Amino acid sequence: MGLRWYHFALWAGFIILMYAMPDLVSKGTLRTFIFANFLAIFAISWDVLSGRTGYISFGHPFLIGIGAYTTAILTKRFDVAIEISIPIAVVVTMIGSTLFILPALRIRGSYFALVTLAFMELIYQLVQVIRPDLTGGTRGMSGIETLTRGAVNGYYMSLSLMLAVAISMWLLMRTRVGTALSAIGMNEDSVQGSGLSTTRLKLFAFLTGAFVAGLGGAFYVHYLGSIAPRALFDINFVFTIIVAALIGGSSTIIGPMVGAFFLTYLLEYLRPFLPGAERYFIYGGIALIIYIYQPKGIYAVVMQAWERLRSGKSA
Amino acid sequence: MGTIAIGEKRMSHPLEITNLVKRFGGLTATDDISFHVEQGQSVGLIGPNGAGKTTIFSLIMGELRQNSGTIRLYGEDIGGLSTPARIKRGVSRTYQVPRPFGEMSVVENIRVGLMPDSIWKMITQGPDREREIELALSVGFSENDLNRRPDELSMGDLRKLEMARTMATDPSVMLLDEVFAGLTKGEIAQIGELIQQMRRDGMTFLIVSHDLKALEPLIDSAIAINYGSKIAEGDYADVISDPDVRSSYLGVA
Ligand SMILES: Nc1ncnc2c1ncn2[C@@H]1O[C@H](COP(=O)(O)OP(=O)(O)OP(=O)(O)O)[C@@H](O)[C@H]1O
Ligand SMILES: [Mg+2]
């Protein structure tokens with residue numbers, strides 16, 4: 001996997017800093033961090049599914065929603081224990097993601113994105129129509145069992161989950177399977193021509209991305225204790241996930257994680273000045289500027305600076 | 001199944017094409033073509049532009065599906081198989097228009113070709129760096145080229161990369177589509193020597209080339225096609241002096 005000393009050093013430094021955070025910042029800020037952790041999980045999930053393969057998912061809330069609703073319904077309506085309902089939710093999300101493979105067999109690019117967006121709409125309609133006694137219909141659900149109490153515990157829980165996801169996905173994508181998925185994004189026909197089944201690789205990307213999305217969605221609902229379909233199945237949520245991944249630098253795992261924190265803080269700092277939806281214009285603008293300056297995102301900007309620093313030192 | 005398959009392998013030809021037809025709308029790009037290539041033989045496939053050479057390659061690889069006719073690899077009808085499944089059975093091709101992975105280095109491009117079609121193995125086993133470098137050097141790359149990206153490579157280099165990626169899939173039958181186009185004399189000699197080396201090692205070839213001078217020493221026999229039909233087959237000298245071939249292909253009567 002080509003791990004170097006500085007990989008360990010950077011991860012260790014980052015982990016220590018993040019775990020020390022409750023001593024460094026206020027409870028209010030910590031709550032913002034919690035949201036950033038979950039957004040990071042969703043952005044990483046998007047990166048696994050779309051970042052390398054180029055099969056752009058606009059329907060991520062579809063996956064997150066399956067995970068969230070499955071565990072919410074199981075625990076609240078059927079008294080299933082959380083330790084059991086979360087794994088079930090993850091598996092159901094992965095099964096749901098196999099729907100993505102149907103359009104992915106035939107179409108790419110914007111059409112694929114549109115079909116996945118339709119999946120999100122579909123599930124939004126379904127939770128309202130089918131068995132609202134289970135899903136809570138338009139109003140959603142509340143009083144769902146929570147895993148943690150208080151900001152500090154919530155922060156540690158979300159951070160641990162985010163780090164576990166980030167490190168495992170980062171390691172996974174450093175193996176040859178990451179190379180193969182990138183190759184699909186560059187030239188799918190040549191991947192076939194190299195003897196690799198692209199359908200199987202895409203399915204792997206979708207299942208892994210869904211694993212992360214389902215896990216994140218399930219934990220998120222047990223952090224919030226409630227579920228609001230209109231906020232969950234919202235195009236703004238889709239954009240927040242995608243912009244976080246792109247701003248940070250897609251197909252790097254680290255980038256989407258960084259992007260999620262960057263974006264959460266940007267939105268948070270803009271809140272006092274722009275309480276309404278105008279904030280989204282500002283972040284759209286900032287995302288655009290970063291994108292124009294470096295289409296590969298913050299990750300690439302930092303890497304370039306690091307390379308310059310290294311070559312400067314050795315020269 | 002093991003012993004039977006081996007027995008079959010010995011008796012049947014590496015590649016056998018029977019009454020192959022491919023139509024694009026009203027155009028018959030492959031018109032009832034039949035031929036076979038024997039074990040360890042190298043066959044040149046020649047014909048003017050648009051004769052249907054590349055189409056035959058695409059049909060053999062399963063990138064296009066024939067309207068009728070059969071394609072057999074070591075006796076097995078591979079007509080219904082996917083491209084990766086055919087590659088697994090030992091046939092592989094280069095592309096006339098090189099199709100590298102644009103944001104990967106030369107070694108990474110070769111790495112994709114070397115990968116087993118098993119996600120589990122991709123994850124648990126690291127890349128075979130020695131083999132990657134060995135393949136890159138064998139097609140004529142220098143050490144300095146290994147980390148170059150396709151946009152920094154010449155047409156000659158891109159063709160070498162095509163060769164290397166194709167060889168990486170470990171074929172026993174190789175289909176080469178215009179591997180000499182855009183290459184310098186030195187590069188042609190180098191790729192030619194590589195093909196000769198593989199012939200000595202028992203590789204079976206079907207080679208398309210407009211560069212007849214480069215092609216001639218590399219083949220045991222030739223097949224000429226025009227408008228999708230086979231017009232001559234046999235010794236290169238006989239094929240090339242065939243009146244039909246001369247009029248169609250060389251533009252002389
Ligand atoms: N996908 C396709 N759809 C429609 N027509 C096609 C397609 N591919 C090839 N053709 C046509 O089929 C005929 C044979 O094309 P092919 O590429 O096989 O020729 P070729 O012998 O390889 O030519 P060249 O020497 O120029 O590479 C041509 O008339 C071409 O225009
Ligand atoms: Mg051709």
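What follows is a short working chat about the predicted model shown above.

Q: Any ground rules on numbering and confidence?
A: Residues are numbered from 1 along each chain as its sequence is written, and chains are lettered from A and ligands numbered from 1 in the order in which they are written. This is a predicted model, where local features need pLDDT of at least 70, side-chain atom pairs count only at pLDDT 80 or more, and totals for chains, interfaces and linings use all residues; side-chain values use heavy atoms, with hydrogens and water left out.

Q: OK, the magnesium ion. What are its protein donors?
A: Thr54(B) through OG1 and Gln96(B) through OE1, lying 1.9 to 2.2 Å from the ion, which is ligand 2. Donors here are N, O and S atoms within 2.8 Å of the metal (3.2 Å for Na, K and Ca). Water is not among the atoms, so the site may look incomplete.

Q: Where do those two sit in the chain?
A: Thr54(B) is in helix α2 of chain B, residues 53-61. Gln96(B) is in the loop between β6 (91-93) and α4 (106-114) of chain B. They are 42 residues apart, so the pair links distant parts of the chain. Helices (H or I, at least four residues) and strands (E, at least two) are DSSP runs, numbered from the N terminus.

Q: Is Thr54(B) buried or exposed?
A: Thr54(B) is partly exposed, at 25% relative accessible area. Gln96(B) is also partly exposed, at 32%. Buried means under 20%, exposed over 50%, and partly exposed in between (1.4 Å probe, protein chains only).

Q: Next, ligand 1. How many residues surround it?
A: 13 residues. The closest are Gly50(B), Lys53(B), Thr54(B), Thr55(B) and Gln96(B). A residue counts if one of its heavy atoms lies within 4 Å.

Q: Which polar atoms lie at its oxygens?
A: Among them, a backbone atom of Gly52(B) at 2.9 Å, a side-chain atom of Lys53(B) at 2.8 Å and a side-chain atom of Gln96(B) at 2.7 Å.

Q: How much of ligand 1 does the protein bury?
A: 62% of the 630 Å² that ligand 1 exposes when taken alone. Those areas come from the Shrake-Rupley method with a 1.4 Å probe; for residues, only the protein chains shown count as cover.

Q: Which element gives the largest share of the shell?
A: α2(B), with three residues.

Q: Switching to backbone angles. What is phi at Asp32(B)?
A: About 55°, a positive value although Asp32(B) is not a glycine. Most residues other than glycine have a negative phi. Asp32(B) sits in strand β2 of chain B and is partly exposed at 44%.

Q: And Ile253(A), what is its phi?
A: Near 65°, again positive in a residue other than glycine. Ile253(A) lies in the loop between α12 (235-248) and α13 (254-270) of chain A. Ile253(A) is buried, at 3%.

Q: Where is Thr75(A)?
A: In helix α3 of chain A, residues 60-78. Thr75(A) is buried at 6%. A polar atom of its side chain lies 3.2 Å from the backbone oxygen of Ala72(A).

Q: What does Thr75(A) contact beyond its sequence neighbours?
A: Leaving aside neighbours within four places, Val80(A), Ala81(A), Ile82(A), Ser85(A), Ile144(A) and His222(A). Contact means heavy atoms within 4.5 Å.

Q: Last one: how many residues of α4(B) are buried?
A: Seven of its nine. What covers them includes α8 (176-186) of chain A, with α6 (129-138) and α7 (155-168) of chain B.

Terms used. A polar contact is a pair of N or O atoms within 3.5 Å; within protein, one must be able to donate a hydrogen and the other to accept it, and residues adjacent in sequence count only if both atoms are side-chain atoms.
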